[in-house]
Amino acid sequence: MRKLNLSDLTIDQLVARFSELGTEQDRAERTDNPSKYDRLFWQMEAVKNELKARPGDSRSALVKLYDHPNMQVRLKAAKATLAVAPIAARAVIEAIADSRSYPQAGDAGMCLANLDAGVFKPT
Amino acid sequence: MQITNSAGGRERPCTLAAYADTVWLWPGVPLTEKRGRTVRPLPSGCVRFWIGRLHGFEAQHAPIESALAQAADHLSAGRQAEAQAALDAAKLDRLSPEGEVLMRALAARLGVAASDMSVGTRSLPWGVGNLAADLRLFDAFAGCAAALEKIWDDSKHPRWPRGDPDSRGGRFSPSDGEVAASSARQPPPGIGHNGGPPLDEPPEIPETAPSTAKLRNIAIKSIARWALKRGFEALIPGIGEALAFLDTARWIYDNLPDINAYLDKPRSLQDLRDAVDQPKEGYEVHHIVEQNPARREGFPENQIESRDNKVRISKLKHWEISGWYGTRNEEFNGASPRDYLRGKDWQEKQRVGMMALVKFGVLRP
């Protein structure tokens, strides 16, 4: 299989890719596959960095995933956009933290705590 | 509180009653279900679970399944007296010490009479924490308990006089039958019915137990998460949506303690620490500062294993928190929380550990 070259993808394709990877990551968590979860983490980071590198920083394109039906995708999109849409992204993370849908609710809560404690400084 | 042993014509206290096409456990837990004209026992794990609340592990050798199966057959054929006789033959005639405490507490909570059944003599193996949890389990049956109180109390239900030509052996007189029969058909709303609009669909669960522990755990985890999201406090065998799961996938009964522990509300730090001394199915001891990394970094054993560093939490929550510690995270520049904490002082490890307990819904903020 040919390796996907992210620089060849449009913004919309990158957003779609991010969404697919987030859904896969959710499945990896549900099926107790942490090594796959971590692999997908780096793939999502690569997509995020590709968007960031586009002219004008295109990470804000991920905002459209705030309404995605998969909570893991929503959480990842919100974390990825904290630097470019801090208020909206935080609202999404807060909603997930309050959702009682674990583990995303726990992850979101820890994200907020680390933001408030200055451990997490989105750039 | 006594119920007539209709087979022998004598009276002695018991906790099982055949009534209104159902076998009941005091104070109102149905142990059978009726499908069409057929009465059949609930799965063995469910039955043992409830009977164990009152009769303890001593009841594990009682021939409960066969007695219940016979009683169900008799009820299917309309023979209530014979059904009661079959139940009496199971000889569940002693409460466990903790069962008696539970019964008295339940009687006060639900406003029904307690039994004068004899009690086993061993000492209590568990403390008040378990009692509180068990009490909540029975709340779902408060409606049935109220409707059925008369069947446990001879002073409140008129029986056919012995030798009455119209007598229908073992049945109560006509005036009081319909209330409980109605309750039997329609279990009362309780845990499992949140009264709200439909939310997520229940997860798909295999009918037979998955072949590996990992696959079983994945299925159990999905049920627990779904139930928590729905706002359930416990999955009660025989009640509400628990029935949908448990009727098709009876293997889940063995894992109910895991699921119900996951549904615990957040508790105080003191409660979680105190519970460490009381091992309980569905729970594990969790180290607030992770023990293995702390040991590798040379923290003293008495600090790692101190009471301050240990809490008893839901096993499934324990796994979730450990999973969070072990996977990559944006907040730590792509390191896992465990990697981030490597080399940090005890206070920082403890801060993160405490925060994780709060954010994963174990510790009350």
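Student: What makes A:Tyr102, B:Trp324, B:Tyr325, B:Phe332, B:Tyr340 and B:Phe360 one aromatic cluster?

Tutor: They are linked by aromatic pairs, and rings of Phe, Tyr and Trp (its six-membered ring) pair if their centres lie within 6.5 Å; planes under 30 degrees apart are stacked, over 60 edge-to-face and the rest tilted. By this rule the count over all chains is ten aromatic pairs. A word on the basics: this is a predicted model, where local features need pLDDT of at least 70, side-chain atom pairs count only at pLDDT 80 or more, and totals for chains, interfaces and linings use all residues. Side-chain values use heavy atoms, without hydrogens and water, residues are numbered from 1 along each chain as its sequence is written, and chains are lettered from A in the order in which they are written.

Student: Why is the pair of B:Phe299 and B:Trp346 called tilted?

Tutor: Their centres are 5.3 Å apart, with 55° between the planes, so the pair falls within 6.5 Å and its angle is neither under 30 nor over 60 degrees.

Student: How do you know whether B:Trp346 is buried or exposed?

Tutor: Buried means under 20% relative accessible area, exposed over 50% and partly exposed in between (1.4 Å probe, protein chains only). B:Trp346 has 9%, so it is buried.

Student: What makes B:Lys317 lie over the face of A:Tyr102?

Tutor: The rule asks for NZ of Lys or CZ of Arg within 6 Å of the ring centre and within 35 degrees of the ring normal. B:Lys317 is at 3.5 Å from the ring centre of A:Tyr102. Likewise, the charged end of B:Lys344 sits over the ring of B:Tyr340, 4.2 Å from its centre.
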